[in-house]
Amino acid sequence: FNHFDLATITSGSTVPQLNKQDLVRLTINVPPLDRQREFARRLAGIRMQRATVGSSLTMFDMLFASLQARAFSGQL
């Protein structure tokens, strides 16, 4: 869609609109199924890494808060 102007397929009425008959002529390239699966696999890996980093960050925040509380109460 970066190189396609939707205005070129509108009906030309004063109210811009796209109808099914306008869109049916469009060709949308779809990557092969193996590439789609590879993308999904990599995306799942990235999401797992994000979850791990998020959990680590939460734990670090808790540990820092605990350390801070001990430092300000004179326990260190």
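In this predicted model, L23 is partly exposed, with a relative accessible area of 37%. The residue belongs to helix α1, which covers residues 20-23. Leaving aside residues up to four places away in sequence, L23 is in contact with I9 and L18. One of these partners, L18, returns at the surface: together with F4, L6 and L23, it makes a nonpolar patch of about 290 Å². A place in such a patch calls for over 30% relative accessible area, and L23, at 37%, meets that cut-off. L23 thus offers a handy way into the N-terminal part of the model, since it both touches I9 and L18 and helps to make the nonpolar patch. Looking further along the chain, F60 follows L23 by 37 residues, and the C-alpha atoms of the two are separated by 52 Å.

The overall layout is easy to describe. The protein chain has 2 helices and 0 strands. Its radius of gyration is 27 Å, whereas the globule rule gives 11 Å for 76 residues, so the chain is more spread out than a compact globule. Taken along the principal axes, the box filled by the C-alpha atoms comes to roughly 75 × 40 × 20 Å. Burial tells a matching story, as 3% of the 76 residues count as buried. The chain exposes about 7300 Å² in total, and 60% of that area is supplied by carbon and sulfur atoms.

Helix α2 takes in residues 33-72. From its first C-alpha to its last, this helix of 40 residues reaches 58 Å, close to the 58 Å expected at 1.5 Å a residue. A pair of positions at the two ends helps to picture that reach. A71 is found in α2, and its C-alpha lies 58 Å from that of P32, with the two positions 39 residues apart in sequence. At 41% relative accessibility, A71 counts as partly exposed, because the value falls between the limits for buried and exposed residues. After the helix comes G74, which has a positive phi, near 85°.

Towards the other end of α2, R37 also has its place in the helix. R37 counts as exposed, because its relative accessibility of 56% is over the 50% limit. A comparison with the N-terminal part of the chain is again helpful: R37 and A7 are 30 residues apart in sequence, and their C-alpha atoms are 34 Å apart in space.

Just beyond R37, charged side chains come into view. Side chains of opposite charge can pair when their charged atoms come close. In this model the count comes to 2 salt bridges. In one of them, the side chains of E38 and R41 meet with an N to O distance of 2.7 Å. E38 and R41 are 3 residues apart in helix α2, so about one helical turn separates them. E38 also forms a salt bridge with R42, where the closest N and O atoms are 2.8 Å apart. R42 and E38 are 4 residues apart in α2, again about one turn of the helix. E38 takes part in both pairings, and the three residues E38, R41 and R42 are thereby linked in a network of salt bridges.

How accessible are the members of this network, buried, partly exposed or exposed? E38 counts as partly exposed at 29% relative accessibility. R41 is exposed, with a relative accessible area of 52%, and R42 also counts as exposed, at 53%. The network in α2 therefore joins a partly exposed glutamate to two exposed arginines.

Terms used. Residues numbered from 1 in each chain as written. Predicted model: local features only at pLDDT ≥ 70, side-chain atom pairs only at ≥ 80, totals over all residues. Heavy atoms only, no water. Patch = residues over 30% accessible without salt bridge, like charges linked within 9 Å, V, L, I, M, F, W, Y side chains within 5 Å. Areas by Shrake-Rupley, 256 points an atom, 1.4 Å probe, with all protein chains shown as cover. Salt bridge = Lys/Arg side-chain N within 4 Å of Asp/Glu carboxyl O. Buried < 20%, exposed > 50% of the residue type's maximum accessible area, 1.4 Å probe, protein only. Expected span 1.5 Å × (residues − 1). Rg over C-alpha atoms; globule rule 2.2 N^0.38 Å. Contact = heavy atoms within 4.5 Å.
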